[in-house]
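Subject: Structure for your review

Dear colleague,

Please find below the structure that I am handing over to you. My findings follow after it.

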Amino acid sequence: MKPQLWIHARLVTCAAGATDGYGLIDDGALVCEGEQIVWAGPARELPPQWLQVAEVHDAQGALITPGWVDCHTHLVYGGQRAHEFELRLNGATYEEVARAGGGIVSTVQATRDASAESLYLQAQRRLKALMAEGVTTLEIKSGYGLSLAHERKCLQVARRLGQQHAVHVRTTFLGAHALPAEYTGRADDYIQAVIDMMGPLNDAGLVDAVDVFCERIGFSLAQTERVFQAAQRLGLPVKLHAEQLSDSQGAALAARYNALSCDHLEWLSEDGVRAMAAAGTVAVLLPGAFYFLRETRLPPIAWLREHHVPMAVSTDCNPGSSPCTSMLLMLNMACTLMRLTPQEAVLGATRLAAQALGLHDRGQLVAGQRADFVLWDVAHPAELCYAMGANPRRQTIWGGQPQKETPP
């Protein structure tokens with residue numbers, strides 16, 4: 001197959017060290033061979049041989065960004081929780097709903113009751129909505145099965161989504177998401193069950209990372225560390241749902257295990273920020289959950305900036321606290337609710353989101369990276385963070401190939 005050359009484009013390279021944050025090249029060109037970018041830069045510097053050997057595509061002035069990396073989703077689940085949304089609007093808190101048998105455990109029952117095919121079809125609709133807005137890589141967590149058979153089912157569905165669509169799926173085992181009803185009052189026993197699940201799931205090739213919900217309504221620091229130690233023995237990287245509802249000091253623990261990311265972080269302390277900075281752990285901001293739960297305490301953005309902690313942005317697509325399949329809306333909310341700059345938001349959905357998944361081969365338009373990118377009918381990347389409800393995506397290129405995805 002011929003190399004593919006894109007001309008008459010405005011490139012948002014998201015390159016590390018770019019002085020303007022975006023790495024914006026006004027009149028740019030980009031060359032792909034196979035699934036890889038082999039050259040990107042100002043059109044005036046394009047080596048002339050590419051014009052002779054490549055198939056040329058005229059971008060007609062489109063803005064080109066790396067494909068979005070949605071680095072925190074719970075995409076595979078059964079049912080929905082609109083009733084709990086209504087309860088909260090009538091005064092119940094998220095924790096009260098969870099303690100009354102709602103919350104995560106209600107989705108667990110719906111997920112256990114659903115067949116693998118039903119889960120696949122439900123998740124496929126969500127995936128197509130994400131892809132329609134330019135997502136080319138995403139993480140899918142388990143955590144709604146909470147038994148070996150059902151966690152396996154969910155992770156197999158996640159793998160199948162990646163195999164049957166033009167998107168790269170990373171799977172995260174979140175067995176320590178909630179305490180299933182059959183383990184009521186026996187949280188330590190359930191943590192042992194989670195540890196026992198991890199090996200068979202990893203042996204089956206279903207796990208890329210391990211996560212824990214460390215919180216008052218989740219699992220303690222000691223229980224979290226047991227899971228991290230088991231992951232470490234298997235050579236699996238860890239992540240953490242940290243400091244969402246209280247300062248549990250989970251971020252500092254995760255940093256000691258060189259966690260890829262800590263996510264949510266509304267109650268993160270400065271000590272936790274320093275620990276993340278020292279470990280190179282990414283802070284994943286989830287404005288959809290912040291908005292949906294009507295939280296009022298923001299993650300400590302100023303501390304994260306001061307200590308140079310990389311900040312990623314993700315949908316947190318899940319039925320209970322962020323039933324959202326719009327990365328563009330998350331970019332807007334990251335700016336309007338969490339006070340990120342548009343540059344920070346765009347980097348947080350590309351290069352830094354890839355870093356939160358341990359992926360260093362995507363998220364930038366530079367030579368050597370995967371050729372996953374999106375053409376947008378806008379003039380400047382700030383517009384992608386600006387217009388609520390707009391979707392100016394013209395085309396997605398995945399692995400160097402133009403995609404014609406059907407609408408969600």
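In what sense do β10 and strand β11 pair, and over how many bridges? Please keep in mind, while you look, that this is a predicted model. β10 and β11, the latter made up of residues 261-264, pair in the parallel sense, and four bridges join them. One residue pair may help you to find the place: His264 in β11 is the bridge partner of Ala242.

These two strands belong to an open sheet of four strands, whose order is β10-β11-β12-β13 and whose pairing is parallel. The edges of the sheet are formed by β10 (239-242) and β13 (311-313), each of which pairs on one side only. From one strand to the next, the twist averages 25 degrees.

I turn now to the pockets. The largest pocket has a volume of about 360 Å³. Its lining consists of 20 residues, and those closest to the centre of the pocket are Ala98, Val105, Ala178, Leu179 and Ile217. Two elements give two or more residues to this lining, namely α3 (94-99) and α4 (104-113). The largest share comes from α3, which supplies three residues.

Which classes of residue are found in the lining of the largest pocket? There are 12 nonpolar residues, together with six polar and two charged ones.

When you open the model, I suggest that you begin with the sheet and then proceed to the pocket.

Yours sincerely,
A colleague

Notes: Residues are numbered from 1 along each chain as its sequence is written. This is a predicted model: local features need pLDDT of at least 70, side-chain atom pairs count only at pLDDT 80 or more; totals for chains, interfaces and linings use all residues. Side-chain values use heavy atoms; hydrogens and water are left out. On a 1 Å grid over the protein atoms alone, a cavity is a set of points where a 1.4 Å probe fits but cannot get out, and a pocket is an open set with protein on both sides within 12 Å along at least five of seven lines; lining residues have an atom within 4 Å of a point. Grid points are joined across faces, edges and corners, and a volume is the space filled by probe spheres set on the points. Ala, Val, Leu, Ile, Met, Phe, Trp, Tyr, Cys and Pro count as nonpolar, Asp, Glu, Lys and Arg as charged, and the others, Gly among them, as polar. Two strands pair if DSSP finds at least two bridges between them. Axes are lines fitted to C-alpha atoms, for helices over the stretch in contact, and angles run from 0 to 180 degrees between N-to-C directions.
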